[in-house]
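Please keep the sequence and the three-dimensional view side by side while reading, and look for each part as it is mentioned.

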Amino acid sequence: MSKFCSASDLKNFGSFPAILIFGDSTVDTGNNNFIPTITEANYSPYGKDFPGHIATGRFSHGKFIPDMVASKLGIKELVLPFLDPKLSNDDAKTGVSFASRQIDMSKNYIQRLTRIVGVDESKKIIGSALVILSVGTNDFTKNFYDLAVRKLQYNISGYQDFIQDRLQNFIKEIYELGCRNIVVAGLPLIGCLPIQETISFQPSLKRICLEDQNSDSISYNQKLSKLLGNL
């Protein structure tokens, strides 16, 4: 299964024993707290609306979409980062976030899960888990629009194809790990992200969405829909 869904669609998915999150910092629930990186979210105002009003490493003022999905499906209230040294066996059994580090981390997770529940049950959990894959936002904002590193190599269409080729390979890798219920998120309207409006040097009281970037997001999602259908 690979499909787009909205919050209202979640009731149609049935039940899952666990939730596994792959992707970039937009779904990192705190792994960045435990790795050397200049990009962190463990300080105010991050977390100001989170339970306890604490910064957790989520790049958000509150819960992340993975948390909301897990809660909506009755799996757990919060999706913890795999690298959290306080991650309990019970939390491991119901799923974690691997963002922004991916395949190697997930292999380590499977090894831990196998030690907890055994080989057969581990395979069952992985195969029945809801897997959410959210990538692309950082690739476009940081590497194409803002720093423009990739613009030296690709036009927008070529860069979209480059990202989706990598995405396709990644989906195949997690499929080989045993993942079967995979939901792939499309891009948001990147031109409406506050950071993109700020970097465009618009007056603070007259900021508007960048329609060219929004148009790029829409065309990317159209390509993604075709790719997922082919997969």
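In this predicted model, a good place to begin is I21, which stands opposite I132 in strand 2. That pair belongs to a longer arrangement, for strand 1, made of residues 19-23, and strand 2 pair in the parallel sense over 5 bridges. Strand 2 also has a partner in strand 3, residues 181-184, to which 4 bridges join it, and these two strands run parallel as well. Within strand 3, I182 is the bridge partner of V131.

Strand 2 itself, residues 130-134, is mostly covered, with 5 of its 5 residues buried. In a regular strand the side chains alternate between the two faces of the sheet. Here L130, I132 and S134 point one way, while V131 and L133 point the other way, and all of them are buried.

Now turn to helix 6, which covers residues 156-176. Because each residue should add 1.5 Å, its 21 residues should span 30 Å, and the end C-alpha atoms are indeed 30 Å apart, which agrees. The helix has a number of buried residues, among them Y159, F162, I163, L167, F170, I171 and I174, and the buried set also includes the glutamines Q160, Q164 and Q168. An α-helix has 3.6 residues a turn, so residues three or four places apart point the same way.

What lies over these buried residues of helix 6? The cover includes strand 1, strand 2 and strand 3, together with helix 3 (103-117), helix 5 (137-146) and helix 8 (211-230). Following helix 6 along the chain, the reader comes to G178, whose phi is positive, near 115°.

Technical notes
Residues numbered from 1 in each chain as written. Predicted model: local features only at pLDDT ≥ 70, side-chain atom pairs only at ≥ 80, totals over all residues. Heavy atoms only, no water. Buried < 20%, exposed > 50% of the residue type's maximum accessible area, 1.4 Å probe, protein only. Pairing = 2+ DSSP bridges. Expected span 1.5 Å × (residues − 1). Contact = heavy atoms within 4.5 Å.
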